[in-house]
Amino acid sequence: MTLTQLWGSLIIFLLCPLIGGLPLIDWITYILTRRKLSRLGTGNISVSAAFYHGGTFVGILAVISEAAKGIGAVLIARWFFPNDPTWELLALMALVVGRYWMGKGAGVTNVSWGILVHNWQAALLTALISGISFTIFRDRKTGRLVGLFVLALVLSLLRPDRGEYIGAAIVLVGLLAWIYQKIPDDLDLPVQSVKTGSQKMFRFFQGDRNILSLDRRLDPKKVGQKAATLSYLKRLGYPVPDGWILPAGDDAQPFIEFLEPYDENPLVVRSSAIGEDSETASAAGQYLTILNVTSPQTLQNAILDCQAAYNNPAAVQYRRDRNQVDAPMAVLIQKQIRGIFSGVAFSRDPVDPRNTAVVIEALSGDAARVVSGQVTPQRYCVEVKGESSSTHNSRDEWSFTPTESVEEIPQKIIQSVATLAREIEDLYRGIPQDIEWTYDGQKLWLLQARSITTLQPIWTRKIAAEVIPGVIRPLTWSINRPLTCGVWGDIFTVVLGKRARGLDFEETATLHFQHAYFNATLLGEIFLRMGLPPESLEFLTRGAKFSKPPLKSTLRNLPGLLKLLQQEWNLDREFDRDLQKYFTPTFNLIEALPLSEASPGDLLERVDTILSALKKATYYSILAPLSLALRQAILKVEPEQLDNSKTPEVASARSLADLATYARKLLPIDQLSGYSCPSLFAHLAETPDGQEILEHFEQWLERYGYLSEAATDIAVPRWKEDPRSMRALFTRFLFHPPQQKEDREPATSLKVQIVQKRLNLKGQATEVYSQLLAHLRWTFVELGNIWLKDGTLLAKGDIFFLEIAEIHRLVEHSDPQLRSRLPYLIEQRRTQYKQNQELVSVPYVVYGHPKSLPLISPSPLPSTSRLQGIAASSGQVEGRVKIIRGLQQMDEIDPQTILVVPYTDSGWTAILARAGGIIAEVGGALSHGAIVAREYGIPAVMDVHNATQLLKDGQRVRLDGQIGVVEILDR
């Protein structure tokens, strides 16, 4: 490169952006009209803004000024690089960057005139093809994209042998396309506000914007959610009547001239306000719907009335109550269907959440009669199961005015409506839907669809039922909820960055009927922002099927995903660091002060120390299983290829089995074979060899006594406190040695090693997490004992009916009123806890915020003899069902027993290892029960909903753990 060319490159990269950023258009407009473009309309300083706000003359001067910039940039590059046209494109790029960065414009005029000087053939050919495409499509977005594509294509074809030139052309076009997505479009402004003389031009370049139809993709931010939803459904093929949208501020006359309503072609005029029919606010009844519009004049009046309804006092107050900002209102105009039968349908009962049926209200005539409130419709409840529907006509709920007669709606129509309602619900990620419909004698029409806002958010027991099972007491939840919600919030914030704003991660989980639920609505919104499908959480934690996210969303979240990937990759190193820095010192501090010597203040300080470490441990207890699931899915490593010996549930069982093997060498097994568990341990205490075995058992209990049937629930005793189940397991191992897997050779496959490494970390994280929770429990138990002695508490276990904040106030003596009403508070909570314990079952999904307990009766036997779950441990077995709900039920379990359990945890090994087969209501291939089952070669099926209700004790079943199926052999 010569010195002249060096100066040329500096001028291009420094001077051209400055030239592009000169706000000549703003200056021209201000001088001639005294109006600042940066403060008007979209705020763009563009040629179209000059035409819009300044008129034709100002617009022409704006074109000349920007054309001069583009021509000048090309000529400067040509002066310094006469034989290299690539620099002319680079100069235009630099100009466009400055135009966007400083001048708030796209730079299209600059590039158009610059290309004309650069290569007039390319400019003319691009203009010709783009003009033809715009005339055909009448859509400016399509026209722009076609124009940019053609420009890149023509420039590339003119110099096919110049790779750097083709690259520069593509980058220039890509830059313009990117800027288009970033700045608002002046052509979206209302036509009637355009300066006189520019209106025809604006109408032309707006394309067919003034007669937007439901056949086009619509933006809810511009036309309202109602119109956008109907457009979406219509384009998917649902039977939505033809319709057109008048955006806010647009001239209605072109609509009126285009639609030409008359008696045989009536129209319906409806509001489509911004925020109306959204997931959080329906605005039902706040605006107008006007039927039977049959003339141009009535159409004009209907449009005006519909727009005026936006400012009705009731509508204004509705928006204020929901903190909605005032926004323009679009008007939706549709062909009116003359219905024979019409009505509304709710995909879920908005009044009674216990009702799982689709609720339909219907009458003869059009839908207006049903929603008017002046006529009592007929009510139907329809159970939709798969592809079939069973209809129940709720005659006992009918209510009629004296002038009405009962007229049955054909069952086929009701079934079709029910199916349609559930289809729309599925389409919107399971959010319950309220639809309006009508039947014209030949076709069922969908008139409206919106979310039932009172049934949100949606809460699910999936995953939550395994993470923290059973009925949960206040102390447990006051600790677990902020820990769990906080860690999930941190993980999602890493990925989403600024797009996490507005998400309340404290609402990730809640209690209904004192059972844990995850916020499926919030998680669905998070996954949408991440570009992932709503089933992502189940995929990451339970191995469910997961559809591949689109490339666009992956690229959008790439910075956050890379941060998360870095955290995942360094997880082992970070855990080792925190083990040395936080976890081990915490355990040392715990051991340094015996519980029996601690005062309430010391115990509270101990609690705070444990909670500090527990926050970090919760992070690993969540991220390590997620990392394991991801690695296993990506690398396609089967569970059978992994060694689970370092997980607490397997390590504890193997260690106890080893102790039983050692005991068989010391004891006269033949003489002891008839001994029960209590008799065996009594005998062991009487002999030296037996005492040695008991000593080893106590050492084993000291090592693994932190485990329990629900490690995350600190209200549940640990093995160390109640070792009966472990003694029973030892007795079984002693007389019936388990068929354990042989120790695996170290994995030689690299991909298996990568997954195994994360499985080992999961085991370490689970051990630390469970140990901290156990010490936390024992600390609260000791504090409860102190308060029992001084009369603060009245019964053992009362402390678990307090919240952590209340315990702080009691220890610190900062709330005298709390101490005085403590007996009443605890008794009230105990009563509620007992009521929830007595519930036969709780719903897997809860809509909204139910106020009352679910009156759920035991589930009936399934109509089919085949139950489907998740395959967790291969093998087939036939046996008799034994329903177990806790570790206390230890009797009569043998290899012919098929255990049916509500959930599994690390502490369930004592029961699971004794069974011939395992069926669990929750869990997946990575759950504790699945790991134990594979360790002992026991067939297992997880995630069989309501299995403890659908199956009966003694029932004979066949279990296939390879395909996840349970067959009922006798009913």
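This report describes selected features of a predicted model: a sheet, a helix packed against it, an enclosed helix, a surface patch and a loop residue.

## Basis of the model

The model is predicted, and local features need pLDDT of at least 70, side-chain atom pairs count only at pLDDT 80 or more, and totals for chains, interfaces and linings use all residues. Residues are numbered from 1 along each chain as its sequence is written, and side-chain values use heavy atoms, with hydrogens and water left out.

## The eight-stranded sheet

Eight strands form an open sheet with mixed pairing, in the order β16-β23-β22-β18-β19-β20-β21-β17. Its edge strands, β16 (866-868) and β17 (870-873), each pair on one side only. From one strand to the next, the twist averages 30 degrees. Helices (H or I, at least four residues) and strands (E, at least two) are DSSP runs, numbered from the N terminus; two strands pair if DSSP finds at least two bridges between them.

Within this sheet, β18 (residues 876-883) and β19 (residues 897-901) pair in the parallel sense over four bridges. Lys-882 stands opposite Leu-899 in β19. Helix α36 (residues 928-935) lies across β17, β20 (917-920) and β21 (940-942), and runs at about 45 degrees to β17. Axes are lines fitted to C-alpha atoms, for helices over the stretch in contact (heavy atoms within 4.5 Å), and angles run from 0 to 180 degrees between N-to-C directions.

## An enclosed helix

Helix α12 (residues 225-235) is largely enclosed by the rest of the structure, because eight of its eleven residues are buried. Buried means under 20% relative accessible area, exposed over 50%, and partly exposed in between (1.4 Å probe, protein chains only). The buried residues include Lys-226 and Lys-234 as well as Leu-230 and Leu-233.

The buried residues of α12 pack against α11 (220-223), β2 (243-246), β3 (267-273), β5 (329-335), α17 (411-427) and β11 (444-451). Just after α12, Gly-237 takes a positive phi of about 105 degrees.

## Surface features

Leu-3, Leu-6, Trp-7, Leu-10, Phe-13 and Leu-14 form a nonpolar surface patch, with about 650 Å² of accessible area together. Such a patch joins nonpolar side chains (Val, Leu, Ile, Met, Phe, Trp, Tyr) within 5 Å, from residues with over 30% relative accessible area and no salt bridge (a side-chain nitrogen of Lys or Arg within 4 Å of a carboxyl oxygen of Asp or Glu). Accessible areas come from the Shrake-Rupley method with a 1.4 Å probe. Leu-14 belongs to helix α1 (residues 3-21) and is exposed, at 57% relative accessible area.

Asp-504 lies in the loop between α19 (474-496) and β13 (509-512) and is partly exposed, at 40% relative accessibility. Its C-alpha atom is 8.4 Å from that of Gly-489, 15 residues apart along the chain.

Technical notes
Patches are made of residues with over 30% relative accessible area and no salt bridge: like charges are joined within 9 Å, nonpolar side chains (Val, Leu, Ile, Met, Phe, Trp, Tyr) within 5 Å.
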